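The following exercises are to be worked with the sequence and the coordinates at hand. Each task is followed by a solution in steps.

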Amino acid sequence: AVYSDADAQAPHVRACDEAVHIGPADPKDSYLQWERILAAAEQTGAQAIHPGYGFLSENAAFAKACEAVGVTFIGPSPAAIEAMGLKAQSKRLMAAAGVPLVPGYHGDNQDPGYLKSQADAIGYPVLVKASAGGGGKGMRIVSSSDAFLDALQACKREALNSFANDDVLIEKYVQRPRHIEIQVIGDQSGKACHLSERDCSVQRRHQKLTEETPSPFMTPELRKAMGEAAIKAAEYIAYEGAGTVEFLVDKHRNFYFMEMNTRIQVEHPITEEVTDYDLIREQIKIATGTLISGRNHEPKQHAIECRINAEDPYANFRPSPGKITAFHAPGGHGVRIDTHVYAGYTIPSNYDSMIAKLIVTGRNRQQAIERMKRALDEFIIEGIKTTIPFHRQLMDHPDYVAGNYTTKFMEDFEMK
Ligand code: MV4
């Protein structure tokens, strides 16, 4: 393991055989200093590096640097990471692969008049997106031709500030979409299969709050079509390891490629619970050259994950770092907790506010929701504020219980 000053008390440091200190709390001085990580690998004789799901996990230059020193990067090739790294480019690539895209313009011509003619042809409302963007930054909805040029200018300004690149793409705006993603794994022979979907529509400011599988919106036909599209996407770039193809799904169940995450994701446990795949084990096996069976997998049960964050849901989800004074995790059949915190642990303010994942599995959605309520009621975390009360209210929300939610859900949600 490697660790920063802020993580000296983290359990992975104790659990591993050897832990190497790589610098102070600020990620730019530790976890993003890849020379130090490579030095730690050399010093300990590590053959491979698992990059986790933040920091360097989608950094093609780091994957190349691993290759250069003869350490296996557990993940896709640098070329596959790069192919999906830029929005416009990945969309052009996926169009060529035959993966469905939102009608739009992803080309190089950035002349404002030309872009406007493209928007007029697509039909309003359109979305202007920064080509280099991600996570919802640098997006503008434009509802009429008259408003286009002003919005374009504003979007380009924002893109230049955030990404040092003001290229944009234009798409038809999909109203009230769902965010449904497909888990894929690919091997070194170029073959991929899918492990079904996760519905991640309950998000706030592009941060996912809860995820579930199967999606309450899914049909066998839609899963087959989305699964095939995801495999096409992965095989087109010879994707190796575990990855996720994200789609927008409209109310008519049309689906469109949004982006591909070339890493293992936070929400992977729900897929593990319903398919019996240990995805981290698969990642390691694939990195050693093991070939996958090539079979696709359907959810055998229903799983829900609630992200427990050190945030105050009664104060606009404001971060709430500090010392955990009491900690009791729920247990029992169908309950899984993935966490690194314990009573006495101090959550640093330097990193992400997620402190635990509560994952429940049931025979069906109703049983999973009942289990989640019970587990949330049992969960004790004192000393800091957490999102547990939010999740508890969500599990009773009529639209959530009905499976009737979109990416707009949180815009109307209020804590009681
Ligand atoms: C869209 C869209 C509607 N129409 N594209 C947001 C993040 C970025 N990855 C893509 N996003 C969106 N793209 C078209 N053509 C709506 C969103 C969007 C969204 C997507 C997934 C999950 C949450 C979202 C919240 C707001 C907007």
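**Exercise 1.** Is Ala97 buried or exposed? Establish its surroundings as well.

Solution. The model is a predicted one.
Step 1. Ala97 belongs to helix H5.
Step 2. The relative accessible area of Ala97 is 14%. Buried means under 20%, so Ala97 is buried.
Step 3. With neighbours within four places in sequence left aside, Ala97 is in contact with Lys232 and Tyr236.
Step 4. Ala97 and Tyr236 are 139 residues apart in sequence, yet their C-alpha atoms are 6.3 Å apart in space.

**Exercise 2.** Describe helix H8 and identify the elements against which its buried residues pack.

Solution.
Step 1. Helix H8 covers residues 220-236, 17 residues in total. From first to last C-alpha it reaches 24 Å, close to the 24 Å expected at 1.5 Å a residue.
Step 2. The buried residues of H8 are Leu222, Arg223, Met226, Gly227, Ala229, Ala230, Ile231, Ala233 and Ala234.
Step 3. These buried residues pack against H5, strand E9 (178-186), strand E10 (192-199), strand E14 (241-249) and E15.
Step 4. After H8 comes Ala238, which has a positive phi, near 50°.

**Exercise 3.** Characterise the shell around the ligand: how many residues surround it, and which strands each supply at least two of them?

Solution.
Step 1. The ligand is surrounded by 16 residues, of which the closest are Lys129, Glu171, Lys172, Val174 and Glu259.
Step 2. By class, the shell divides into seven nonpolar, five polar and four charged residues.
Step 3. At least two shell residues come from each of strand E6 (126-130), strand E8 (168-172) and strand E15 (255-261).
Step 4. For Lys129, a polar side-chain atom lies 3.1 Å from a nitrogen atom of the ligand. For Lys172, a polar backbone atom is 2.8 Å from a ligand nitrogen. For Glu259, an N or O atom in the side chain is 3.0 Å from a nitrogen atom of the ligand.
Step 5. Taken alone, the ligand exposes 530 Å², and the protein buries 90% of that.

**Exercise 4.** Determine the burial and the contacts of Lys87 and Asp167.

Solution.
Step 1. Lys87 lies in helix H5, which spans residues 87-97, whereas Asp167 is placed in the loop between helix H7 (148-163) and E8.
Step 2. Lys87 has a relative accessible area of 8% and is therefore buried. Asp167, at 30% relative accessibility, counts as partly exposed.
Step 3. Apart from neighbours within four places in sequence, Lys87 is in contact with Lys129, Ala130, Ser131, Gly133, Gly134, Leu169 and Glu259.
Step 4. Not counting residues up to four places away in sequence, Asp167 touches Gln110, Lys129, Ala130, Ser131 and Lys156.
Step 5. Asp167 and Gln110 are separated by 57 residues in sequence and by 6.8 Å between C-alpha atoms.

**Exercise 5.** Analyse helix H11, its start and its packing.

Solution.
Step 1. Helix H11 (residues 365-378) has 14 residues and reaches 20 Å between its first and last C-alpha, close to the 20 Å expected at 1.5 Å a residue.
Step 2. At the start of H11, a side-chain oxygen of Asn364 comes within 3.3 Å of the backbone nitrogen of Gln366.
Step 3. Among the buried residues of H11 are Arg365, Ala368, Ile369, Arg371 and Met372.
Step 4. The partners against which the buried residues of H11 pack include strand E13 (210-213), strand E23 (354-362) and helix H12 (388-394).

Definitions and conventions. Residues are numbered from 1 along each chain as its sequence is written. This is a predicted model: local features need pLDDT of at least 70, side-chain atom pairs count only at pLDDT 80 or more; totals for chains, interfaces and linings use all residues. Side-chain values use heavy atoms; hydrogens and water are left out. A residue is near a molecule or strand if one of its heavy atoms lies within 4 Å of it. A polar contact is a pair of N or O atoms within 3.5 Å; within protein, one must be able to donate a hydrogen and the other to accept it, and residues adjacent in sequence count only if both atoms are side-chain atoms. Accessible areas come from the Shrake-Rupley method with a 1.4 Å probe; for residues, only the protein chains shown count as cover. Helices (H or I, at least four residues) and strands (E, at least two) are DSSP runs, numbered from the N terminus. Ala, Val, Leu, Ile, Met, Phe, Trp, Tyr, Cys and Pro count as nonpolar, Asp, Glu, Lys and Arg as charged, and the others, Gly among them, as polar. The expected span of a helix is 1.5 Å times one less than its number of residues. Buried means under 20% relative accessible area, exposed over 50%, partly exposed in between (1.4 Å probe, protein chains only). Contact means heavy atoms within 4.5 Å.
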